[in-house]
Structure formats: C-alpha cells, structure tokens
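Hello,

Here is the structure for you to look over. My notes follow below it.

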Amino acid sequence: MDLSDLQAAGMETEEIKKVLDISDWQSGLAYDQWIALPVSGSRPPARYKHAAVAVDEKLYVVGGSRNGRYLSDVQVFDLKSLLWSNLKLKPNADEFEDTVSLDILPAISGHNVVNWGNKLFLIGGHSKKVSDKITVLFIDIETHLCGVVETSGKVPVARGGHSATLVGSRVIVFGGEEKSRRLLNDVFVLDLETMTWDVVEGTRTPPAPRFDHIAAVHAERYLLIFGGCSHSIFYNDLHVLDLQTMEWSQPLIQGDLVTARAGHAGITFDENWYIVGGGDNRSGCPETLVLNMSKLVWSELTSVKQRDPLASEGLSVCSALIDGDKYLVAFGGYNGKYSNEVFVMKPKPKDSSRPKIFQSPAAAAAAASVTAAYALTKAEKLDFTKAEDPNSKGARNGLSEKDVTNGVKAIREEKNVLELSLTEVRAENARLRGQIDEKNGTHSELSKELLSVQGQLVAERSRCFKLEAQITELQKMLESMQPIENEVQALRTQKSAFERDLELASAVQRQGSGGVWRWMSGGNGNA
C-alpha cells in the first residue's frame, strides 16, 4: 500500500507520518496532499509567528514566539536527511568590536525573511529592542555572519505582522502594526542593491489598515493582498496593486467561497497561489486554498481536521526544490498548542501548454502533417478520399490516413471547446458590462442626489449665517438696553420717593385742618 492509498483510506497527516521511510520519503507521495515528515533526532522548540525560507534543500526557521516570549534562534532542517540543526551565528566584525556581550540576533517575532543571493534578510518584526524605524538584519548562510543592515531613504516606521514580497532585487512591504498598535496600510519598497527605501503613493482605494495578512506578486507587475485583520475585524478580501500604474483595485473573484482569516501563510507556484492555515481567534482554517492569479478563481485543494497543526495561525509555508521536484513545506503555528511539525506537499504539475490533441500518440504523429494540410486547405476542408501513395512523405513518416483524420477530428473538437469557452467568456463580459452600466447608472443617480444635498447644505449654511447675524444684533441691542433699564429703575425709585413725600404732606395737611375746626367748635361753646 503506497501513500496515496493511505490518504484515500482517510488517514491523517500524523498517522501517515508513521509509515514514511526516512531514507526514501519522497517516493509514492500523492499529489496535492499534505504529509507530516518524520524527523531524525531532536526537534527545535515549537513556535508561531516565525519566518521561514527554503534554500538548497534546507529549511531555515528564524525567531518566532512561544508563550509570550520572543525567540532568537535560527533552526535548519535538512529536507534530505530529515535532521534539525541549530545555526551558530557570528557577529559581523565590520559592525561590532565587542563580541562578548553582543546579542547577535535579537529575539524577534512577526517579521519577514527573503533570500537574496547567499543572504537571508530579516525585515521588521516585534522585538524588545525599541526602534522608531524598521530594522533590516542579514544572515550569511555560507559564513554564518549576522548583523544590522544600514538603510537610507524614506525608511518606514517600525512594524510587525506586515508582508514583505521579493520582486527581482526589490522587496515590497505592505501594512502591519506599529509598536503602539496603530494599524498601517502603506507601501514601501526596499532596493536590495542600494539598501534604499522609497514610499509608494498609490491611487484609488487601498486595503483597510491590517496586519497578519499575506501578499504575492503575479507576473512581476501585480501585488496581491489577501486577508488579515484589524483589532476587531477579520478579512477575506483580495486587493491588487498595479506596480506600473500604482493603482489599487479590488477585482471580482470567482470560485469557492473563502472564509475570513489572519495569520495564514502563502506561496506561489507559476500562476497558482497556495494558501494554508490561518484563523479568526475562535477556530483555525483547515482548508488549503489555491488562487489562480491569471483567472482570479478560488478553489479548495485539500482539507485537514480542525485541530490539525496545518489549521493553525502563525505558521509558515515556503517552496523547496528537492531532487528537481517542487514541494510546499509548512512549519509551526498555534491552534491551542504550539507546533514544531514539518509538512510537505507535492503540487500536481501544470498541464502541458500544448492542446490536448497533441498528447495522444496518433495525434502527435499526425501533427506535422495536419499543420501542413491546414496551410494548403481552407477552413478544415481536407479531402482524404484518395488512398495515399506508399512512397509519399506521409508513408515514409509512418503516418496513415486514419492518424491524420483522427488528428483533424481532435483539432475540430478542440476548436469547438475553444469556441464554447469563447462564448462563455463573451457572455460573462456582457454580464459584467451590464453590471458596470448598472453601477454607472447608480453612481449617476447618487451623484445627482449628492449635488442636491450639497445645494441644500449650502442653503442651510446661508440661513445659519443669517441667523447668527441676527443673534449678534439682538445681543448688541440687549447690551445697549442695560443703561435704559438702569434709568427706568432710578425713575421708579424717584417716583416712589415722590409718592411717599406727597402722602406725608397730605397727612400733615389733614391734621392741620382738623385742629382749626375743633378750636372754633370749642369757642362757641364757651360763649
């Protein structure tokens, strides 16, 4: 029973690992299925949020985090002998004189690593060392020297959880999280030849600020950003930056529904982007996704159990060339417990770019003859009614009328398939045009409503200005009325005093008049 039979029987990666032969683990691997590799000897500490890259049939794992503690080691896994070793680093003598107390590689997590020449460049990441600007470290995999790279230009702010994608001799850095937890969505480019940073000013709408996303480059022109999270939202969106026009877009994606995730890992093979793991802090993502970057179509390649190490956040995946064959290599992660397992997958080779008709022996033999016949006839009208001369070129090449007829028939079938595909593409284009027209119509209506609202807003602002002017005048009038009110109060006081004096005078007068009459009355009595 080979490994494909074991996988068909439903055995998980841990179970299959037990039956692998260390000396010949590559034989019998089924395509597009993950296998946990057995390991000879001890393993490195389990971890997540590390960085990993494969160079010359060896997997280099740098730093990471475990139980809240940052790691500062470099572990190397030999993909042929399946042995782990610890890379002993040496300080760069050009930079440091005191090598006794030197912390050669700082403990680091949430960083990125790229391989360029014989060096590994570690870009950014969270560390106990405080730095305002992003740090670039190098590790020479031949001399084992390690040190800080002095960079210049528009150096970005320090960050972790960002993406760093190698394009030729340039590294494109997107997003991430500052040490103050501020999220970023900026784009910077580091030229590895001059070690100079530059900022990219994109147009249109960029992705929302995020970290723990992944990025890839297609056709050395398009930067793709997928997933990631903010402090409260997990994303499943795909954004594309055209590196020639520096224009952001969010294309329409077809295929399987993709769940939101962060902490996942991705690697590209030709036009396919393989994406592994990730999660949303509640559960991991067990499926391995493939995005065809040319057609923008999602598909689910395979899946594991929910608690499998491959359904983890903070794992790594990279590509390795072993004995001329391409493999995906995954390591580490966290899904409730930390992992130090190594998994491999052998991607299914891409179909030949030649039409299917050339893949059959008869059609392949007839290809040259059919091509010549096409040059001499019109629109597939070939006449094979006459018997072929045994001394003809076709007979000397071992071709028969049946072979050529089958070849022509295969070409016609291929043409029909292509015409059908073309019809479907045209229908899809028509549908998209309809959607675009509908969106343009909606945009036009919304623009009209916006202009109307803006007009109303201008009128309201004018009314507000008038009301504010009236209020100011009333306030001035109230301020000018205060002296008048004081005068009125004084007059009221004078009036009250006058009324009291008048009342007192009246009383005195009444009292004087009463005395005279009493005197007169008394006088008459005495007489």
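His 162 sits in the loop that links strand 13 (152-153) and strand 14 (163-167). Keep in mind that this is a predicted model. Is His 162 buried or exposed? Its relative accessibility is 4%. The cut-off for buried is under 20%, so His 162 counts as buried.

What does His 162 touch, beyond its neighbours within four places in sequence? Its contacts include Gly 110, His 111 and Asn 112. Ile 123, Gly 124, Gly 125 and Ile 134 are also among them. So are Val 173, Phe 174, Gly 175, Gly 176 and His 213. Take Gly 175: it is 13 residues from His 162 in sequence, yet the two C-alpha atoms are 5.1 Å apart.

Next, a sheet. It is open and has 4 strands, in the order 1-29-28-27, with antiparallel pairing. Strand 1 (34-36) and strand 27 (316-322) are at the edges. Each has a single partner strand, so one side of each has no neighbour in the sheet. On average, neighbouring strands here are turned by 30° against each other, direction ignored.

Inside that sheet, strand 28 (residues 325-331) runs antiparallel to strand 29 (residues 342-345), and 4 bridges join them. Val 329 faces Val 344 of strand 29.

Now the whole protein chain. It has 5 helices and 29 strands. Of its 527 residues, 39% count as buried. Among contacts with a separation of 6 or more, 53% are between residues 24 or more positions apart. The chain exposes about 30700 Å², with 52% of that from carbon and sulfur atoms.

Best wishes

Notes:
Residues are numbered from 1 along each chain as its sequence is written. This is a predicted model: local features need pLDDT of at least 70, side-chain atom pairs count only at pLDDT 80 or more; totals for chains, interfaces and linings use all residues. Side-chain values use heavy atoms; hydrogens and water are left out. Two strands pair if DSSP finds at least two bridges between them. Helices (H or I, at least four residues) and strands (E, at least two) are DSSP runs, numbered from the N terminus. Axes are lines fitted to C-alpha atoms, for helices over the stretch in contact, and angles run from 0 to 180 degrees between N-to-C directions. Buried means under 20% relative accessible area, exposed over 50%, partly exposed in between (1.4 Å probe, protein chains only). Contact means heavy atoms within 4.5 Å. Accessible areas come from the Shrake-Rupley method with a 1.4 Å probe; for residues, only the protein chains shown count as cover.
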